[in-house]
Amino acid sequence: MVLRKSNENHRGVKPGSAPRRCDLKGLSLSQTEEWAVRHGLEPYRGRQIRHWLMGRLVGSPHEMTNIPKTVRALIREKAIINPLAQVKTLRSEDGTRKYLFRLRDNHLIESVLIPERDHLTLCISSQAGCAMGCRFCLTGRQGLKRDLHPSEIIEQVILVRRSLDNPEELRNIVLMGMGEPLANYEAVMMALRNMIAEDGMNFSHRKVTLSTCGLVPEMKRLGHDITINLAVSLNSADDETRSSLMPINRKYPLKTLIRACREYPLPNRRMITFEYILINGVNDRAQDALNLAKLLTGLRAKINLIPLNAAPDSHMSPPPLERVLHFQEILVGHHFTVVIRKSKGRDIMAACGQLTGASATEQKGAS
Ligand code: SAH
Ligand code: SF4
């Protein structure tokens, strides 16, 4: 097995050295065609290979039946087409499934498949760990191990889709797993483009959502570069509380963040989703709800209230249900669409903020 070294770029090429094995799922259509040409093939072979990998979801060159055997051997020798190994899958009582994947350098990441009424939603990771240090989040506690490559981001979708009886059932993708997607901007952008490209995985851009803790400059770039849904983890409408929960608020305080939301180029009839984790005695008073309503006035906003999933050793806890309902009532009274998001998969540590890759550690060595 050839491991990618840290100073190689996303195409598996070390600057200044001869090309090594190229990570094909991290390329655009034109880059895949260029790869084919560099290896003495017609560009259409690149298109065919891409279609096998992202459309037909094959896991081995052997299955690419319209590709000559010599070219299949070339792919095996010169390319990487399996950037992740599936370690295991955990199934929750409520039908949620957590997939544990191992990267080629042995870090572990997780994706969560959530059953909805008539379709499935997949929550994927953008980094191994996270550097943002939000106090309520288990992923944040482990710090950043490394950014994921574009191929490692999209491969989560490919492997999960391939594991389904009906791959078409998977319709929604949310970047709400491990990591801060906008802190890994270029790789996330390439993966998103391949997810929604017709010649890629062909997901509707209406069904793809990126969630951020509020990296303002990258939010601006995102709105300019691609049309997908945006979710912002808000968690408080006052700077003091938000800064105590989310260190990023010291760099981009609410005024800056909300201005970026107001300027975000939203397509017609779309809204920004604001996620608000409710924490007992911290941000769940009636006054907090009123502050939130005021902060979001005039924005096309949908609010997701998420009662905290408390870490086992945390001194923070979720509020009692009646307080959650009262908080919702106040916001509805101010004409917001407010959903209380029931966390699924808690029994397998697959709920929001519980993803650490830790449940796979005892499986090291398995593949
Ligand atoms: N880094 C991005 C996306 C990953 S976190 C972000 O912060 O938006 C995805 C969501 O999980 C965020 O909305 C975050 O607020 C939420 N979350 C994190 N820890 C949680 C916890 N302990 N309980 C409930 N939700 C949590
Ligand atoms: Fe990172 Fe998001 Fe967790 Fe904050 S909530 S530490 S940004 S993954």
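This is a dialogue about the ligands, the cavity and the pocket of a predicted model.

Trainee: What makes the approach of Glu180 to ligand 1 a polar contact?

Mentor: An N or O atom in the Glu180 side chain is 3.2 Å from a nitrogen atom of ligand 1. The cut-off for a pair of N or O atoms is 3.5 Å, so the pair counts as a polar contact.

Trainee: Which atoms put Glu275 and Asn309 in polar contact with ligand 1?

Mentor: For Glu275, a polar side-chain atom lies 3.0 Å from an oxygen atom of the ligand. For Asn309, a polar backbone atom is 2.9 Å from a nitrogen atom of ligand 1. Both distances are within 3.5 Å, so both pairs qualify.

Trainee: How much of ligand 1 does the protein bury?

Mentor: The protein buries 95% of the 530 Å² that ligand 1 exposes when taken alone.

Trainee: What surrounds ligand 1?

Mentor: There are 19 residues around ligand 1, and Phe136, Gly179, Ser211, Ser233 and Asn309 come nearest. By class, this shell has 9 nonpolar, 8 polar and 2 charged residues.

Trainee: What space does ligand 1 take?

Mentor: Ligand 1 takes the space of the largest cavity. Strand E10 (208–212) and strand E12 (272–278) are the elements that give two or more residues to the shell around ligand 1.

Trainee: Why is that space called a cavity and not a pocket?

Mentor: The space is called a cavity because a 1.4 Å probe fits there but cannot get out, whereas a pocket is an open set. The grid is laid over the protein atoms alone, so the ligand does not fill the space in that test. The largest cavity has a volume of about 500 Å³, and the structure holds 2 cavities of 30 Å³ or more.

Trainee: Which residues line the largest cavity?

Mentor: The lining has 29 residues, with Phe136, Cys137, Met176, Ser233 and Gly353 nearest the centre. Helix H4 (138–141), E10 and E12 each supply at least two residues of this lining. By class, the lining divides into 16 nonpolar, 10 polar and 3 charged residues.

Trainee: How do you know that ligand 2 sits in the largest cavity?

Mentor: More than half of the atoms of ligand 2 lie within 2 Å of the grid points of the largest cavity, so ligand 2 sits there. The residues around ligand 2 include Cys130, Cys134, Cys137 and Cys213.

Trainee: Why is Cys213 counted as nonpolar in the shell around ligand 2?

Mentor: Cys213 is counted as nonpolar because Cys belongs to that class. The shell has 6 nonpolar, 3 polar and 1 charged residues.

Trainee: What is the volume of the largest pocket, and which residues are closest to its centre?

Mentor: The largest pocket has a volume of about 1,200 Å³. Among its 37 lining residues, Glu116, Thr121, Asn172, Val174 and Lys302 are closest to the centre. Strand E5 (108–115) gives the most to the lining, with 3 residues.

Key:
Residues numbered from 1 in each chain as written. Chains lettered and ligands numbered in written order. Predicted model: local features only at pLDDT ≥ 70, side-chain atom pairs only at ≥ 80, totals over all residues. Heavy atoms only, no water. Near = heavy atom within 4 Å. Polar contact = N/O pair within 3.5 Å; in protein donor to acceptor, adjacent residues only side chain to side chain. Areas by Shrake-Rupley, 256 points an atom, 1.4 Å probe, with all protein chains shown as cover. 1 Å grid on protein atoms, 1.4 Å probe; cavity = no way out; pocket = protein on both sides within 12 Å on 5 of 7 lines; lining within 4 Å. Helix = DSSP H or I, 4+ residues; strand = E, 2+ residues; numbered from the N terminus. Points joined across faces, edges and corners; volume = space filled by probe spheres on them.
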